[in-house]
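Visitor: I would like to learn how to read the features of a model like this one. Please take them one by one, with the general idea before the case.

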Amino acid sequence: MPIIVNVDVMLAKRKMQSKELAEKLNITPANLSILKTGKAKGIRFDTLEAICKILDCQPGDILEYSAE
């Protein structure tokens with residue numbers, strides 16, 4: 001998939017665990033894992049906004065395009 005999800009990178013930079021982010025987003029750790037591994041087919045803008053707010057970052061820090 002040409003879209004790379006860098007949630008794990010931002011979590012490491014913010015010294016936060018996935019479980020903590022999932023709790024703050026009010027989603028299951030399993031759903032966050034699907035997003036982190038790039039297996040998600042999409043992401044809602046409100047979820048992306050919440051991730052950016054919690055991790056104090058921009059959408060471009062989370063999502064990256066890479067030509068295959």
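Visitor: Where is K15 found?

Guide: Helices and strands here are DSSP runs, with H or I over at least four residues for a helix and E over at least two for a strand, numbered from the N terminus. K15 is found in the loop between α1 (7–14) and α2 (18–25). Residues are numbered from 1 along each chain as its sequence is written. This is a predicted model, in which local features need pLDDT of at least 70 and side-chain atom pairs count only at pLDDT 80 or more, while totals for chains, interfaces and linings use all residues; side-chain values use heavy atoms, with hydrogens and water left out.

Visitor: What is the phi of K15?

Guide: Most residues other than glycine have a negative phi. K15 has a positive phi of about 55°, although it is not a glycine.

Visitor: Is K15 buried or exposed?

Guide: The terms rest on relative accessible area: buried is under 20%, exposed is over 50%, and partly exposed is in between (1.4 Å probe, protein chains only). K15 has 77% relative accessibility and counts as exposed.

Visitor: Where is N26, and what is its phi?

Guide: N26 sits in the loop between α2 and α3 (29–36). Its phi is near 60°, a positive value in a residue other than glycine. N26 counts as exposed, at 70% relative accessibility.

Visitor: Back to the loop between α1 and α2: which residues does M16 contact?

Guide: Contact means heavy atoms within 4.5 Å. Leaving aside neighbours within four places in sequence, M16 is in contact with L11, L21, K24, I54 and L55. M16 is buried, with a relative accessible area of 14%. M16 and L55 are 39 residues apart in sequence, and their C-alpha atoms are 8.7 Å apart in space.

Visitor: How is K13 placed with respect to L55?

Guide: K13 lies in helix α1. The C-alpha atoms of K13 and L55 are separated by 9.0 Å, with the two positions 42 residues apart along the chain. K13 is exposed, at a relative accessible area of 57%.

Visitor: Which residues does M10 touch?

Guide: M10 also belongs to helix α1. Not counting residues up to four places away in sequence, M10 touches L55, C57, D61 and I62. M10 counts as buried, at 4% relative accessibility. M10 and D56 are 46 residues apart along the chain, with 9.2 Å between their C-alpha atoms.

Visitor: And which residues does L48 touch?

Guide: L48 is part of helix α4 (residues 45–55). Under the exclusion of residues up to four places away in sequence, L48 touches I43, P59, I62 and L63. L48 counts as buried, with 8% relative accessibility. From L48 to L25 the distance is 9.9 Å, C-alpha to C-alpha, for a sequence separation of 23 residues.

Visitor: How many disulfides are there?

Guide: A disulfide is a covalent bond between the sulfur atoms of two cysteines. The criterion is a pair of cysteine sulfur atoms within 2.5 Å. A search of the whole structure finds zero disulfides.

Visitor: Why is there no bond from C52 to C57?

Guide: The sulfur of C52 is 4.2 Å from the closest cysteine sulfur, in C57, and this is too far for a bond. C52 is buried, with a relative accessible area of 9%. C57 is buried as well, with a relative accessible area of 9%.

Visitor: What pattern does the protein chain follow along the sequence?

Guide: The chain has five helices and two strands, and the pattern is β-α-α-α-α-α-β.

Visitor: How does the radius of gyration of the protein chain read against a compact globule?

Guide: The radius is taken over C-alpha atoms, and the globule rule is 2.2 Å times the number of residues to the power 0.38. With 68 residues, a compact globule would have a radius near 11 Å; the protein chain has 11 Å, which agrees. The C-alpha atoms fill a box of roughly 35 × 20 × 20 Å along the principal axes.

Visitor: What share of the residues is buried, and what share of contacts is long in sequence?

Guide: Of the 68 residues, 26% count as buried. Among contacts between residues at least 6 apart in sequence, 64% join residues at least 24 apart.
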